[in-house]
Amino acid sequence: MTQALASLLRAQPMVQGSFYLLRRKCGKLNCRCATGQLHASWVLSRSEQGKDRLYSVPKAVRADLRRWAAEYRRYQRARALFVKRHGEILALADQIAEKRLLVWPPKKPKPTT
């Protein structure tokens, strides 16, 4: 848990999204991609207002963006672990509280007939 907390508190910059090499066809009939040699471009993908967006990444910033996107993934994993552990701790606290609770006013026994 302390490692997850340390990851949450890191000071390195991060960028939301996934950085990857996208390969696709352009649609021209006589292009090399029509025979299988797809066009490649590095992109950053992320969801904005419920829609997936792709951003082309210039060569000059690829190395930085790769590190920043990896830092965001590291943060997300640490945050998910923190939330999971926090939930487990709260569940234990609720179990302790349940055992300590008294029922008041006491229930009256039902008359037997």
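What follows is a walk through a predicted model, from its confidence scores to its core, its rings and a few single residues.

Confidence comes first. The mean pLDDT of the protein is 89, and 96% of its residues reach 70 or more. That said, the elements are not all on a par: helix α1, which covers residues 2–8, has the lowest mean pLDDT among them, at 71. At the other end of the scale is strand β1, made of residues 18–24, with the highest mean of 96.

Next, the inside of the protein. The largest nonpolar core is built from 6 residues, namely V15, F19, L44, V57, L65 and A69. This fits a general pattern: in soluble globular proteins, nonpolar side chains tend to be buried together. One member of the core, A69, can be followed a little further. Once its neighbours within four places in sequence are set aside, A69 is in contact with V15, G17 and F19. Two of those partners, V15 and F19, are themselves listed in the largest core.

F19 turns up again among the aromatic rings, where the count comes to 2 aromatic pairs. In one of them F19 partners W42, and the two rings are stacked, with 5.0 Å from centre to centre and 15° between the planes. This pair ties together distant parts of the chain, since F19 belongs to strand β1 and W42 to strand β2, 23 residues apart. The two partners differ in how much surface they show. F19 has a relative accessible area of 12%, so it counts as buried, whereas W42, at 24%, counts as partly exposed. W42 has a charged companion too: the charged end of R66 sits over its ring, 5.1 Å from the centre.

Strand β2 (residues 39–48) also holds S45. With a relative accessibility of 17%, S45 is under the 20% cut-off and therefore counts as buried. Leaving out residues up to four places away in sequence, S45 touches G17, S18, Y20, R53 and L54.

Just past that strand comes a residue of another sort. Q49 lies in the loop between β2 and β3, the latter spanning 51–56. Its phi is positive, at about 55°, even though Q49 is not a glycine. Q49 is also exposed, with a relative accessible area of 85%.

A charged residue, E71, is found in helix α2, which takes in residues 62–100. How buried or exposed is E71? Its relative accessibility is 5%, so E71 counts as buried. Beyond residues up to four places away in sequence, the residues that E71 touches are R10, Q12, P13 and M14.

Finally, the cysteines. The count comes to 0 disulfides. For C31, the nearest cysteine sulfur is that of C33, 3.6 Å away, and C31 is in no disulfide. C33 is in no disulfide either, and its nearest cysteine sulfur, that of C26, is 3.6 Å away. Why do these distances not make a disulfide? The cut-off is 2.5 Å between the sulfur atoms, so 3.6 Å does not qualify for C31 and does not qualify for C33. Both cysteines are tucked away from the surface in the sense of the burial rule: C31 is buried with a relative accessible area of 17%, and C33 is buried with 1%.

Note on methods. Residues numbered from 1 in each chain as written. Predicted model: local features only at pLDDT ≥ 70, side-chain atom pairs only at ≥ 80, totals over all residues. Heavy atoms only, no water. Buried < 20%, exposed > 50% of the residue type's maximum accessible area, 1.4 Å probe, protein only. Core = buried A, V, L, I, M, F, W, Y, C linked by side-chain atoms within 4.5 Å. Contact = heavy atoms within 4.5 Å. Helix = DSSP H or I, 4+ residues; strand = E, 2+ residues; numbered from the N terminus. pLDDT = per-residue confidence, 0-100. Phe/Tyr/Trp six-rings, centres within 6.5 Å; stacked < 30°, edge-to-face > 60°. Lys NZ or Arg CZ within 6 Å of the ring centre and 35° of its normal.
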